[in-house]
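Biologist: Please give me a close look at the largest pocket in this one, and take it slowly. Which residues lie nearest its centre?

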Amino acid sequence: MATKVVSAAPRVEILAKSGINEIPTEYVRPESERLDLGDAFEEVKKAAEGPQIPLVDLEGLDSPDEEVRRACVEEVRKAATEWGVMHIVNHGLPLELIEQLRKVGREFFDLPIEQKEQYANDQSSGKIQGYGSKLANNASGQLEWEDYFFHLIFPDDKIDISIWPKQPTDYIEVTKKFGRQLRAVVTKMLEVLSLGLGLEEGKLHRELGGMEDLLLQLKINYYPICPQPDLALGVEAHTDISALSFILHNMVPGLQVYYGGRWITAKCVPDSIIMHVGDCLEILSNGQYKSILHRGLVNKEKVRVSWAVFCEPPKDKIVLKPLEELVADGTPAKFPPRTFEQHIQHKLFRKTRGAFKTPN
């Protein structure tokens, strides 16, 4: 019997449900990218004996004992310095709220395609918020095995509720509540990371725009079942342009981070949030904190859904550069000054360092 192959569909979900046995060539990764590429469930088993993403318990931050608090700050600093990513537990987000967020996100993606298309974005016209799939404008020119929904969730005065899903009916209420409560976690983690650099605790928060201007962007990633997970990626290798990124998922593995010269497949840790250091923090810390390269695997068995929140400074209001306190004769600035908008352009279009000039 001939293998059924379908040409590229506008949505990966349609393609995955069409009965194909082979993925279209535009989803096949170049051979150079296929190191440790495979079914996420198999790869997480193989990774069980190797190095693991650090697990940091934040409970100590609320201890009355200063020594306990300092030890917790040091754990966060060490993970951010050596790995640039960590699982955090006792983070302060109610587990019931996390479950509600998972429920409304999954219910949206369970809607018929026609209903989801009512929220479609239009990247060609700059309308990036909404329901979408990756266009072939990434580094490799290949497509990724995912659909997504992307929108701003904080601060309240900057969000556009008109593009948020109306179904399920509690999506808006739950997601708004999650955004507000995660914002408190963001503040706390920036304070801890400031202390880890030997700075006063409010320093990083202010440098990134503070409560008024630091944005929280939510991207719900939907990775359908894939017939050839050894050839495809849900998300290609990248570092996050953000300051911090927080990731929840539906306990289906998929995250890989590049550490020690190899790809490490992350375990699923119950009740945890994955926190990534992003490029902005690597710049401000003058390279002390690492923005780690990572990518997303797919699998043959289960749909994976993840909720990634990117904490981003305003595009043109502030200048990102290594903090003066961290620059000295022996440790010169490793990054030229840039606005966040300039950094985005650098990442997307591979501009040279000479393209960065300090804004007037």
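Modeller: Let's begin with the outside: the chain has an accessible surface of about 16,200 Å² (Shrake-Rupley method, 1.4 Å probe), and carbon and sulfur atoms hold 52% of that. Keep in mind that this is a predicted model, where local features need pLDDT of at least 70 and side-chain atom pairs count only at pLDDT 80 or more, while totals for chains, interfaces and linings use all residues. Residues are numbered from 1 along each chain as its sequence is written, and side-chain values use heavy atoms, with hydrogens and water left out.

Next, the setting of the pocket. The chain has ten helices and twelve strands (DSSP runs, H or I of at least four residues for helices and E of at least two for strands, numbered from the N terminus). Its radius of gyration, taken over C-alpha atoms, is 20 Å, close to the 21 Å of the globule rule (2.2 Å times the number of residues to the power 0.38) for 360 residues, so the chain is as compact as a globular protein of that length. Of those 360 residues, 54% count as buried (under 20% relative accessible area, 1.4 Å probe, protein chains only).

Now for the pocket itself. A pocket here is an open set of points on a 1 Å grid over the protein atoms alone, where a 1.4 Å probe fits and protein lies on both sides within 12 Å along at least five of seven lines. The largest pocket holds about 1,700 Å³ of space, and that volume is what probe spheres set on the points would fill.

Who lines it? There are 50 lining residues (those with an atom within 4 Å of a point), and the ones nearest the centre are Lys134, Lys219, Ile241, Phe310 and Leu348. Elements giving two or more residues to the lining are β4 (147-154), β5 (215-223), β6 (235-238), β7 (244-249), β11 (294-296), β12 (304-312) and α10 (340-349). The most comes from α10, which supplies eight residues.

As for chemistry, the lining splits into 21 nonpolar, 16 polar and 13 charged residues. Nonpolar covers Ala, Val, Leu, Ile, Met, Phe, Trp, Tyr, Cys and Pro; charged covers Asp, Glu, Lys and Arg; the others, Gly among them, are polar.

One last stop, just past a lining strand: a cis peptide bond joins Phe154 and Pro155, with omega about 5°. Pro155 sits in the loop between β4 and α6 (171-196).

Methods
Buried < 20%, exposed > 50% of the residue type's maximum accessible area, 1.4 Å probe, protein only.
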